Amino acid sequence: MIRVVLPAHLRTLAQLDREVSVEVIGPPTQRAVIDALESTYPVLRGTLRDPTTQKRRPFVRFFACEDDLSHEPPDALLPEAVAKGVEPFFVVGAMAGG
Amino acid sequence: MSGVRVLVGTRKGAFVLTSDGKRRDWDISGPHFGGWEIYHVKGSPAEPDRVYASQSTGWFGQLIQRSDDGGATWQPVGNQFQYDGVTGTHQWYDGTPHPWEFARVWHLEPSLTDPDTVLAGVEDAGLFRSADGGQSWSELSGLRGHGSGPSWQPGAGGMCLHTIICDPSDPERIFVAISAAGAFRSDDGGTTWRPVNRGLHSEGIPDEDAEVGHCVHRLAMHPSRPHVLYMQKHWDVMRSDDAGESWYEISGDLPTDFGFAIDVHAHEPETVYVVPIKSDSEHFPPDGKLRVYRSRTGGNEWEALTEGLPQANCYVNVLRDAMAVDTLDSCGVYFGTTGGQVYASADAGDSWAPIVRDLPAVLSVEVQTLP
């Protein structure tokens with residue numbers, strides 16, 4: 001299971017507590033994590049990535065293990081600590097105004 | 001006893017204001033969707049407890065929310081707005097071709113007869129329809145594809161389709177307006193479209209009388225006379241007596257004919273309301289006085305309505321979707337400001353009082369008259 005921390009607006013939208021765990025099928029990648037999130041919580045479809053292009057929304061950031069993974073390819077493997085559930089995968093709304 | 005429900009969209013959430021027919025004491029509910037931009041909230045004329053809301057942010061994109069209990073509780077429905085076919089390009093601000101990109105839903109227009117059918121006007125300008133209560137959306141692409149689309153250009157607020165009016169006497173006839181392309185009409189339920197801008201004159205475009213390219217800010221219609229349309233253009237208040245085939249100016253003695261909102265009295269088709277704004281570069285009322293202007297003659301002669309409105313040091317704006325009327329015997333008129341006030345008049349504009357004063361900037365105001 002991969003632990004995911006969502007920003008407050010998306011937790012409210014999905015009616016979630018601070019952290020969720022999702023089961024990823026196949027290699028643990030950004031794409032696989034978001035696929036699992038959207039499958040488990042359909043209301044999140046389109047909120048993290050554009051539903052047409054599947055590109056990360058510009059003001060959405062992905063952090064883990066104190067690194068910014070936002071610009072990693074969506075099919076790059078996540079850090080082992082994330083894949084093993086030791087560290088969470090953070091979805092963050094970029095600091096950009098109010 | 002009858003009552004009203006005022007649906008308010010703001011920069012940071014939605015609010016539902018309710019009152020009985022006297023419209024003196026109000027119950028305030030909200031914020032719903034706190035922190036999100038709510039461009040528009042509108043109820044179904046066919047089923048008043050069915051309400052749709054457009055919820056978005058620059059961070060997390062577009063959502064559509066639906067309520068089946070008059071705005072007490074909500075459920076997210078479909079948010080897939082995919083343009084039909086090859087999207088092509090429109091003009092960018094600098095005149096270069098720019099690909100059509102979905103940004104947000106500006107306006108939701110529920111069907112007059114079916115609560116599950118709703119139209120959505122979006123940025124970049126396009127028209128979508130849902131026939132399943134907002135779960136799925138398909139584009140009425142005849143509008144974007146009718147021929148002039150590549151020449152459309154965004155206004156300062158984006159290239160938005162912001163006005164949708166369904167003709168109550170003809171289910172096949174729909175009017176829309178786009179900034180900055182103009183007004184368009186369909187006579188076949190939205191399949192095909194043509195521009196209806198003859199008579200508009202805009203100094204900010206190369207051909208001042210062009211068929212398209214006008215920055216129409218808002219259209220209004222009285223349901224008893226669907227061939228008569230009123231328009232607040234970027235500059236100029238206009239009127240058409242032939243369903244948009246031709247327009248003539250009715251700005252008359254207004255202090256300025258720039259503005260955004262325009263609406264019509266519920267029982268007097270010749271009584272029209274506007275809120276004059278100083279200019280396109282100074283989006284606030286002239287002289288710091290917030291004044292609604294009313295014409296009882298279908299335009300040209302206007303009277304300032306000031307009782308209860310601030311008449312000094314007021315520098316708010318009233319946006320295009322932020323004025324509405326109820327249908328009670330003494331027509332109620334409502335508008336919201338970018339300063340967060342929602343004003344109501346229970347006597348057709350003669351006097352005003354704030355329902356609330358300190359909401360986030362108001363983007364839209366709609367009213368439902370309840371049995």
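**Notebook: two chains, loops and sheets**

I began in chain B, where B:Asp124 sits in the loop between strand S11 (118-123) and strand S12 (126-130). The model I am reading is a predicted one. I looked up the peptide bond that leads into this residue: from B:Glu123 to B:Asp124 the bond is cis, with omega near -5 degrees. I noted this because most peptide bonds are trans.

I then looked up another cis bond in chain B. The bond from B:Gly30 to B:Pro31 is cis, and its omega is near 0 degrees. Where does B:Pro31 lie? I found B:Pro31 in strand S3 of chain B, which covers residues 27-32.

**Chain A, overall**

I turned to chain A and listed its secondary structure, which comes to three helices and five strands. Following the sequence, I wrote the pattern down as β-α-β-α-β-β-α-β. Why call chain A as compact as a globular protein of its length? Its radius of gyration is 12 Å, and the globule rule gives 13 Å for 98 residues; the two values are close, so the description holds.

I also noted the extent of the C-alpha trace of chain A, which spans about 35 × 25 × 25 Å along its principal axes. Of the 98 residues in chain A, 26% are buried. For contacts in chain A, I took those between residues at least 6 apart in sequence, and 55% of these join residues at least 24 apart.

**Chain A, one loop**

I looked next at the loop between strand S3 (60-64) and strand S4 (67-68) of chain A, where A:Cys65 is found. A:Glu66 has its place in the loop between S3 and S4 as well. I read off the phi angles. For A:Cys65 phi is near 50 degrees, a positive value in a residue other than glycine. For A:Glu66 phi is near 65 degrees, again positive and again not in a glycine. I wrote both down because most residues other than glycine have a negative phi.

Which of the labels buried, partly exposed or exposed fits A:Cys65? I counted 15 other C-beta atoms within 10 Å of A:Cys65, so it is partly exposed. A:Glu66 has 7 other C-beta atoms within 10 Å, and 12 or fewer is the cut-off for exposed, so A:Glu66 is exposed.

**Where the chains touch**

I checked the contacts between the chains and found 11 residues of chain B in contact with 12 residues of chain A. On the side of chain B that touches chain A, I sorted the residues into four nonpolar, seven polar and no charged.

**Two sheets in chain B**

I went back to chain B for its sheets. One is an open sheet of four strands with antiparallel pairing, in the order S18-S19-S20-S21. Its edge strands are S18 (216-221) and S21 (248-249), each pairing on one side only. Inside this sheet, S19 (residues 229-233) and S20 (residues 237-240) run antiparallel and are joined by four bridges. I found B:Leu229 opposite B:Ser240 in S20 of chain B.

Another open sheet of four strands in chain B has the order S22-S23-S24-S25, also with antiparallel pairing. Which are its edge strands? They are S22 (258-264) and S25 (303-305) of chain B, and each pairs on one side only. I noted that the twist averages 30 degrees from one strand to the next. S24 (residues 292-295) pairs with S25 of chain B over three bridges in the antiparallel sense. In S25 of chain B, I found B:Ala304 as the bridge partner of B:Tyr293.

Key. Residues numbered from 1 in each chain as written. Chains lettered and ligands numbered in written order. Predicted model: local features only at pLDDT ≥ 70, side-chain atom pairs only at ≥ 80, totals over all residues. Pairing = 2+ DSSP bridges. Axes fitted to C-alpha atoms, helices over the stretch in contact; angles between N-to-C directions. Rg over C-alpha atoms; globule rule 2.2 N^0.38 Å. Buried ≥ 20, exposed ≤ 12 C-beta atoms within 10 Å, placed from the backbone. Contact = placed C-beta atoms within 7 Å. Nonpolar A, V, L, I, M, F, W, Y, C, P; charged D, E, K, R; others polar.
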